[in-house]
Amino acid sequence: MDVDILVLGPVGLRVDGVHESYGAAKRAHFLAALAIDAGQPVGLDILARRLWDNSPPGKPPASLHSYAARVRNRIGADLLVQHAHTYTLAIDPDAVDYHRFSRLAKQARSLVASGDDTRALALVQEAEALRRGTPLTGIGGLWAEQIRRRFQERLFSARMLRYEIELRMGHYDAVADELATAIERAPGDETVTRYYMVAAYGRGQTTAALRTYDALRRQLRAVGTEPGHALARTNALILDQVPPGELLAGKPRHVRRQVPNHLPAHADLVGREEEIRVLCASGPGNVAVQAISGMAGVGKSLLALHTAEKLAQKYPDGQLYVNLRANSGQGALPARSALRTLLRSLDIPAEGLPPELDDLSALWRTVLSTRRAVVVLDDADDPDQLRPLLPGDSPSLVLVTSRRRLTSLPKARHVFLEALPRKSAEALFTARVVAEQIDGDEKLAELVRLAGHLPLALTLLAGRLRSRPTWTVSHLLVKLSDDPGRLAEIRDGSGDEVASAFALSYEQLTPEEQRVFRLLSLHFTPGFGPHATAALTGLPIATTERIIEELYDVSLLGEPMPEHFEPPDLLRLYAHNLTLIHDPEPVRAAAVDRLADFYLHAAVHADRLLFPRTDRIERPLPSGAFALPRWTEARQARAWMVAETSALIAAVRHYRDRGQPDRAAQLADALHQFLDTEGHWTTAEEIHLAAARHWHTAAEPASEARALLALATVRSHLGRYDEAERSGRSALARARSANDPAVEAEALRVLGLTAWDLGRLDECLEFHQAALDMRLRAGDRWHIARSRNNLGISLLHLGDHSRAEECFRAAYAEFVHIGDRRGEGQALNNLGDLHLRRGETESAHDAFSRSLDLVAEDGSRTEYAVGLINVASTLRLPGNTERALEIYRRALGILRMIGGRREESVALVAIGKVLHESGRYAEASAHHTSALTVARAIGATQEEIQALRGLGLSELRSGRPKATKEHLAAALTLAERINAAEEMARCHLALAELHGEAGEIDDATAHSRLAHDYFDTP
């Protein structure tokens, strides 16, 4: 319910926009007494004085409570809050017209100080309109009279402000009669008299104005004083017959000469607030050059013109404009012609202009040396064209627009325009069409996307739609849905096309640059680097880099990250249309084949740098001399693969589509570990499944085994453990049939990890022990360390802490010796888990923190998220509750983004535990329930146990012992099934707590003993 309280007249209410009078006087009095202090507590003693002065009834509190009950019935109980000895009207003060009046008047005064008379006048008029008569009509008493006097003072002040604004705006007729009445009410007020004199003089009644002054002067002299300075000055100015608009100024202004304004007419600007802020930041002083660059149709000229208008007051000597015609199709305007145009706009006679360029430039600099003007040099070609036009040491501002990035201009500030953000693009289109033609927000968003968020394209489409009244956005979308023909549809009713603007840029390129521009559209993804482009075009890397730089300089390419380029969407489509016309299909096919081969070469190179110790099956690479990125360290290769992930996957699919499954499988193998560490599991499953099928058809069991292991790994990450196990067992069989010990050992490791995920700890231990035995026979120290680390995890969860610690420390020492930072981080993380289970929180925190530092740089995103969870688990509660929750939720966000379902369950359990320990049991139960859902969906038994145990304890604290017992019994059954000693112990401890609180001491003691027996099991 929307409630307004009205006190500026008879006390009343406006409920949901409907005005209601308010009943009996005392109840209205009570409501008003609270409304004047809306949002603040008002004591009962204060309320009594406001209602009854010093003559209260016999029992004032009872009367007040009675009035309060009636008020609650009218406005709702939640809006009138009672505390000990106070009442509070719990509404926004702005809902009371008395406070709203004060706020509007105050805002109006602030706007006047900022020079915005128009908005200030509207606000003060809105404030005066709130008054409906005498405030608190019909309410007597000292307090009501005090409120009325206070409001009259505020009303007078607001009226004076309105008179001042209206007079300054020249509204003399609007206020003259009102001011005449005000003089009668306040005959000695000099401000009222002054304002009336200005109004009378402004409407041509000079005699009335002078007589009014004379009358007040005689009145003041009668009491021994004289009119103040402001009033006397107004009288003198009227006698001097100055323009009425100067009477309220600080000093008379003089008529200024006409300043040139040669800015062409233009559309309204939509968006670009940040760019406007930057462009307007330069104040007058030494010459300022602002260079606005960007692709065709991005709105450079409109931004420059709008900025020039906005800065007109800062640069009062004129706004000059010349079109330099770089992209007009008529040839660029010579600097000599541009200078003659500019000088003539400053009223320099044509016959006085020198013929030579240098002399013209010198005269231009001389003329501007003392002027503060805005000069717009629109559509510039290059710095050579501009240099003679720059005004040297002058306080003027030069705004240059160009499709070329004019980075060589001296002392210039550069603003590079991109396409509009979505909201601004939608606003631009909406402003230029009939509202009824927009048949849905989603359709509008799609049209804006298809227009590339480009202002020119949106303007053309808006014009086309506006010229066809029966069309809607949906109809236009149908025409834009065909990519090859989309550009031709982006035109207005007169036939102007966005492609024509692009053509002017394309035609200025050299033939070689044009060829490269066309072929760029064949890249697998919108973004690309110079090395991929060199392969695509078949050009040397140095030549490619030079051409890419030129395309970037003329705004045909963007660079969203260093050395990674991307054409805007519509330019990419334009280039693709051109390549279909000018480049034969065999040429295009050969270019894309070279691109795919480059990605295969580069991926193999990066994989070896990132994962140097991985077992590989060596295969010859496609022929071709490709310039590969020069990576000096692994993180550079990782950064490249991150930037090129989509292109690398597209290259795999290209090979399959071209009937080259062997190369597709080879590239999938090179991407396996990278995709795994980065969490691209769904995509990885697709390419590894195809690779496994290919190697099976090709009868290459060792390669098939490797693909199946990659498949098993990603399926485990996706929480599909049964499928992962089947893939792992198939891989083990293929490895044994191929008699490949290295792949067999790797299959045993993967099966051990899958058994751990499934909660089959004894089986997990057997697999890891078998893998370690094979690695020991082979003697590879890195594989031995990794196997020991995995074996330690099995032992840890089986409760054998001593042997687990031996494994972790041996693995850690070997990783340090080898220099494998990721392995160090993994071993430290496991040691931290061991310390935590032993209750050694400080040691656990140290190990987890060191591990997190290592995996942040060299590990996978899953390892980093798990590291965050582990660090948070060592924070002391309740002092660090919010910090722990923040870290856990950060990890949860990462895991949900990459699809790490098992680890998501771990994070949810951890959050539930913190909430439980802080007494937020309902929230804890919700998180444990979510964790249980995830764990059951993927078959993660250990996480299911932990979620059930956490849920049981939260239910216990929530007073639901029956549910607690069910959850804990289910958790214990699962723990016994997988032989997880520590989980069994924790379940028994929880059951001991349940029975203890129920007074069942014998059962509590039995469970407690069983828990200690399991904790003591080696």
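Colleague: Which residue in the turn between β12 and β13 has a positive phi?

Modeller: This is a predicted model, in which local features need pLDDT of at least 70 and side-chain atom pairs count only at pLDDT 80 or more, while totals for chains, interfaces and linings use all residues. Residues are numbered from 1 along each chain as its sequence is written, and side-chain values use heavy atoms, with hydrogens and water left out. Strands (E, at least two residues) and helices (H or I, at least four) are DSSP runs numbered from the N terminus. β12 and β13 form a hairpin with two residues between them, and the turn residue with a positive phi of about 60 degrees is Glu563.

Colleague: In β13, which residue is the bridge partner of Gly558?

Modeller: Two strands pair if DSSP finds at least two bridges between them. β12 (residues 558-561) and β13 (residues 564-566) have two bridges, in the antiparallel sense. For Gly558, the partner in β13 is Glu566.

Colleague: Where does Leu136, with its positive phi, lie?

Modeller: Leu136 is not a glycine, yet its phi is positive, about 55 degrees. The residue belongs to no helix here, but to the loop between α5 (117-129) and α6 (142-168).

Colleague: Which residues does a cis peptide bond join?

Modeller: One partner, Pro878, lies in the loop between α39 (861-872) and α40 (881-898). Omega is about 5 degrees for the cis bond, which joins Leu877 and Pro878.

Colleague: In the sheet with the order β1-β2-β3, which residue of β2 is the bridge partner of Asp4?

Modeller: This open sheet of three strands has antiparallel pairing, and its edge strands, β1 (3-6) and β3 (18-21), each pair on one side only. The twist averages 25 degrees from one strand to the next. β1 and β2 (residues 12-15) are linked by four bridges. In β2, the partner of Asp4 is Arg14.

Colleague: In the sheet with the order β4-β6-β5, what does the twist average from one strand to the next?

Modeller: This sheet is open, with three strands and antiparallel pairing. Its edge strands are β4 (41-43) and β5 (80-83), each pairing on one side only. Here the twist averages 30 degrees.

Colleague: Which residue in β6 does Gly43 stand opposite?

Modeller: β4 and β6 (residues 86-89) run antiparallel and are joined by three bridges. In β6, Gly43 faces Thr86.

Colleague: What angle does the direction of α2 make with that of β4?

Modeller: Axes are lines fitted to C-alpha atoms, for helices over the stretch in contact, and angles run from 0 to 180 degrees between N-to-C directions. Helix α1 (residues 25-35) packs on the sheet, touching β4, β5 and β6, at about 80 degrees to β6. Helix α2 (residues 44-52) also packs on the sheet, touching β4 and β6, and its angle with β4 is about 70 degrees.

Colleague: Which element gives the most to the lining of the second largest pocket?

Modeller: On a 1 Å grid over the protein atoms alone, a pocket is an open set of points where a 1.4 Å probe fits, with protein on both sides within 12 Å along at least five of seven lines; lining residues have an atom within 4 Å of a point. The second largest pocket is lined by 32 residues, with Gly297, Gly299, Ser301, Leu302 and Leu456 nearest its centre. Elements that each supply at least two lining residues include β8 (319-323), β9 (374-380) and α18 (455-466). With five residues, the element that gives the most is α12.

Colleague: What volume does the second largest pocket have?

Modeller: Grid points are joined across faces, edges and corners, and a volume is the space filled by probe spheres set on the points. For the second largest pocket the volume is about 860 Å³.

Colleague: Leaving aside neighbours within four places in sequence, which residues is Glu550 in contact with?

Modeller: Glu550 is in helix α24 (residues 541-553). From Leu974 it is 424 residues apart in sequence and 66 Å apart in space, C-alpha to C-alpha. With contact taken as heavy atoms within 4.5 Å, the partners of Glu550 are Arg404 and Glu513.
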